[in-house]
Amino acid sequence: ISARKARYTRAVTFAWTVFFLANASISLLLYLLAPADLWSAYANLGNPLLIATMFLCEHLWRRRVLPPEERPRIADIVRAWRRHHAPPAA
């Protein structure tokens, strides 16, 4: 792994960590302090939209900071995920 990709990976891991901590904090505060309808709307509608937006931002950032040869294609990511989660051979 190149130094550039290592820096990118550390930065993305930090960004996702901050994102999920902030998201969990907002959800908890809404659950404790806001009406149930507001918390439910955030949890069921807002949260998936925020996660999708974060994925899009990460994808765009990856395209900006990593050269093409260091960026996995989405098909490669899906293939790796399927290999990792495949049931064991009988």
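**Entry 1: aromatic residues.** I began with the aromatic side chains and noted one aromatic cluster formed by Trp16, Phe19, Phe20 and Phe55. I record here that the model is predicted. My list of aromatic pairs for the structure has five entries. I examined the pair of Tyr31 and Trp39, whose ring centres lie 5.4 Å apart with 70 degrees between the planes. I classed this pair as edge-to-face, because the angle is over 60 degrees.

**Entry 2: exposure of the pair.** Are Tyr31 and Trp39 buried or exposed? I found a relative accessible area of 55% for Tyr31, so Tyr31 counts as exposed, the cut-off being over 50%. For Trp39 I noted 28%, and therefore Trp39 is partly exposed.

**Entry 3: surface patch.** I then located Tyr31 in helix α1, which covers residues 3-33. I also looked up the nonpolar surface patch to which Tyr31 contributes; its other members are Leu28, Leu29, Leu32 and Leu33. I entered its area as about 590 Å².

**Entry 4: nonpolar core.** Which residues make up the largest nonpolar core? I listed six: Tyr8, Val12, Trp16, Phe19, Met54 and Leu66. I noted that α1 gives the most to this core, with four residues. Trp16 and Phe19 appear in this core and also in the aromatic cluster of my opening entry.

**Entry 5: contacts of Leu66.** I finally looked up Leu66, a member of the core. Leaving aside residues up to four places away in sequence, I found that Leu66 touches Arg4, Lys5, Tyr8 and Arg71. Among these, Tyr8 is itself one of the core residues.

Conventions. Residues numbered from 1 in each chain as written. Predicted model: local features only at pLDDT ≥ 70, side-chain atom pairs only at ≥ 80, totals over all residues. Heavy atoms only, no water. Patch = residues over 30% accessible without salt bridge, like charges linked within 9 Å, V, L, I, M, F, W, Y side chains within 5 Å. Areas by Shrake-Rupley, 256 points an atom, 1.4 Å probe, with all protein chains shown as cover. Salt bridge = Lys/Arg side-chain N within 4 Å of Asp/Glu carboxyl O. Helix = DSSP H or I, 4+ residues; strand = E, 2+ residues; numbered from the N terminus. Core = buried A, V, L, I, M, F, W, Y, C linked by side-chain atoms within 4.5 Å. Buried < 20%, exposed > 50% of the residue type's maximum accessible area, 1.4 Å probe, protein only. Contact = heavy atoms within 4.5 Å. Phe/Tyr/Trp six-rings, centres within 6.5 Å; stacked < 30°, edge-to-face > 60°.
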